[in-house]
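Visitor: I should like to go through this model and learn how its descriptive terms are justified. Could we begin with the structure itself?

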Amino acid sequence: MNADNVELAADALADRKVRTLWQNALLYVLHDRLTMIALSVLLVLTLVCFLGPPIVEDVLKVNPSRTKVVDRFKPPGDEYVLGTDHLGRDQFIRLLYGGRISLAIAYTASVMSLAIGVTIGIVAGYYGGAVDDAVIWFINTLTSIPQIFLLLIAATIWSPAPEVLIVILGLLGWVGTSRLVRGEVMSIKEREYVVAAHAIGAPVWRLMWNHIFPNVLSIVIISLAIDAGVLILVESGLSFLGLGVQPPTPTWGNMLTDSRSYFVTGPHLVVLPGLLITITVLCFYLIGDGFRDKAFTAPVLVDG
């Protein structure tokens with residue numbers, strides 16, 4: 001190979017763009033069929049539950065709280081798309097409203113717990129010393145108490161309305177995220193670009209926000225997806241214990257709990273909310289696993 005060919009090859013290699021971590025992650029997610037299916041299903045469920053109830057009420061002329069005892073335990077059919085419950089209420093519209101509350105609890109409480117966990121984890125990991133010792137002591141104390149016990153106490157003291165339940169779950173669900181973020185920050189803060197930024201006098205908030213936070217964001221996204229699925233199960237478990245959102249306000253959890261006595265008379269009352277909970281939680285887990293296995297562990301690719 002002569003000098004001209006070597007120079008041309010070097011120029012061609014220099015023109016190839018190396019994708020960033022986030023561009024690479026997006027590429028792998030877009031090409032991962034299972035993750036995209038889970039994202040699509042979750043997006044459709046969210047849009048239908050949040051935007052669909054007014055449309056369904058107007059088209060089918062139904063109301064989630066209107067009872068009609070003569071029509072109770074109607075199976076799915078032409079008159080009632082998904083049947084009726086033990087009070088003759090339309091199951092379709094109640095599933096939509098229940099999904100709106102269940103998904104709102106999952107999304108809002110997971111974002112709230114994530115914000116708390118990331119903030120505490122970054123502060124503890126960056127400062128270390130007495131600050132880290134105090135945070136770890138508090139986390140160890142909190143985790144030594146069974147979470148279900150704390151949830152039972154909180155749900156007993158305060159009325160388990162959706163807003164109250166969101167706050168309770170958000171305040172109790174940040175511990176795992178905080179541990180993960182703290183461990184990453186303790187490694188990241190020793191890297192050259194952070195040390196260099198600190199050496200030239202960059203303020204602490206800039207180091208945390210511009211240099212450390214972007215490098216823990218991958219863990220944050222994975223944790224958000226998994227936590228949202230866990231929170232739907234927690235809400236369903238609290239409903240089973242009678243400490244979740246109380247009827248007549250519907251959630252998938254309390255609809256499933258209320259229907260367990262009517263499994264023979266109205267099996268659709270058990271199957272439909274249980275199926276929706278299963279599909280939603282599975283989608284959250286598949287999205288989290290997709291980002292963990294395909295996106296942020298894949299090698300960096302180049303264009304060209």
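Guide: A helix here is a DSSP run of H or I that spans at least four residues, and helices are numbered from the N terminus. Please bear in mind that this is a predicted model. By that definition V41 lies in helix 3, which covers residues 33–60.

Visitor: How many helices and strands does the protein chain have?

Guide: The protein chain has 12 helices and 0 strands. Along the sequence, the pattern reads α-α-α-α-α-α-α-α-α-α-α-α.

Visitor: Why is V41 called partly exposed?

Guide: Partly exposed is the class between under 20% and over 50% relative accessible area. V41 has a relative accessible area of 32%, so V41 is partly exposed.

Visitor: Which residues does V41 touch, leaving aside those up to four places away in sequence?

Guide: V41 touches I279 and C283. Contact requires heavy atoms within 4.5 Å. V41 and I279 are 238 residues apart in sequence, while their C-alpha atoms are 8.5 Å apart in space.

Visitor: What makes C283 buried?

Guide: The relative accessibility of C283 is 6%. Buried means under 20%, and C283 therefore counts as buried. C49, at 3%, is buried by the same cut-off.

Visitor: How many disulfides are found in the whole structure?

Guide: A search of the whole structure finds 0 disulfides. To be called a disulfide, a pair of cysteine sulfur atoms must lie within 2.5 Å, so a count of 0 means that no pair meets this cut-off.

Visitor: What share of the 304 residues in the protein chain is buried?

Guide: Buried residues make up 42% of the 304 residues. The protein chain exposes about 16,200 Å², and carbon and sulfur atoms supply 68% of that area.

Visitor: Which value of phi sets K61 apart for comment, and where does K61 lie?

Guide: Most residues other than glycine have a negative phi. K61 is not a glycine, yet its phi is positive, about 55°. K61 lies in the loop between helix 3 and helix 4. At 58% relative accessibility K61 is over the 50% cut-off, and K61 therefore counts as exposed.

Visitor: Is F73 buried or exposed?

Guide: F73 has a relative accessible area of 16%, which is under 20%, so F73 is buried. F73 is found in the loop between helix 3 and helix 4. The phi of F73 is near 60°, a positive value in a residue other than glycine.

Visitor: Why is G176 called partly exposed?

Guide: G176 has a relative accessible area of 42%, between the 20% and 50% cut-offs, so G176 is partly exposed. G176 lies in helix 8. G176 and S113 are 63 residues apart in sequence and 9.7 Å apart in space, C-alpha to C-alpha.

Visitor: How are helix 5 and helix 8 placed with respect to each other, and what is the handedness of their crossing?

Guide: The axes of helix 5 (residues 129–144) and helix 8 (residues 175–188) come within 11 Å and cross at roughly 145°. The crossing is left-handed. Helix 5 contributes D132, I136, I139, N140, L142 and T143 to the contact, and helix 8 contributes V175, S178, R179 and R182. These residues divide into 4 nonpolar, 3 polar and 3 charged.

Note on methods
Residues are numbered from 1 along each chain as its sequence is written. This is a predicted model: local features need pLDDT of at least 70, side-chain atom pairs count only at pLDDT 80 or more; totals for chains, interfaces and linings use all residues. Side-chain values use heavy atoms; hydrogens and water are left out. Axes are lines fitted to C-alpha atoms, for helices over the stretch in contact, and angles run from 0 to 180 degrees between N-to-C directions. Helices (H or I, at least four residues) and strands (E, at least two) are DSSP runs, numbered from the N terminus. A crossing is left-handed if the near helix is turned anticlockwise from the far one by less than a right angle, and right-handed if clockwise. Ala, Val, Leu, Ile, Met, Phe, Trp, Tyr, Cys and Pro count as nonpolar, Asp, Glu, Lys and Arg as charged, and the others, Gly among them, as polar. Buried means under 20% relative accessible area, exposed over 50%, partly exposed in between (1.4 Å probe, protein chains only). Accessible areas come from the Shrake-Rupley method with a 1.4 Å probe; for residues, only the protein chains shown count as cover.
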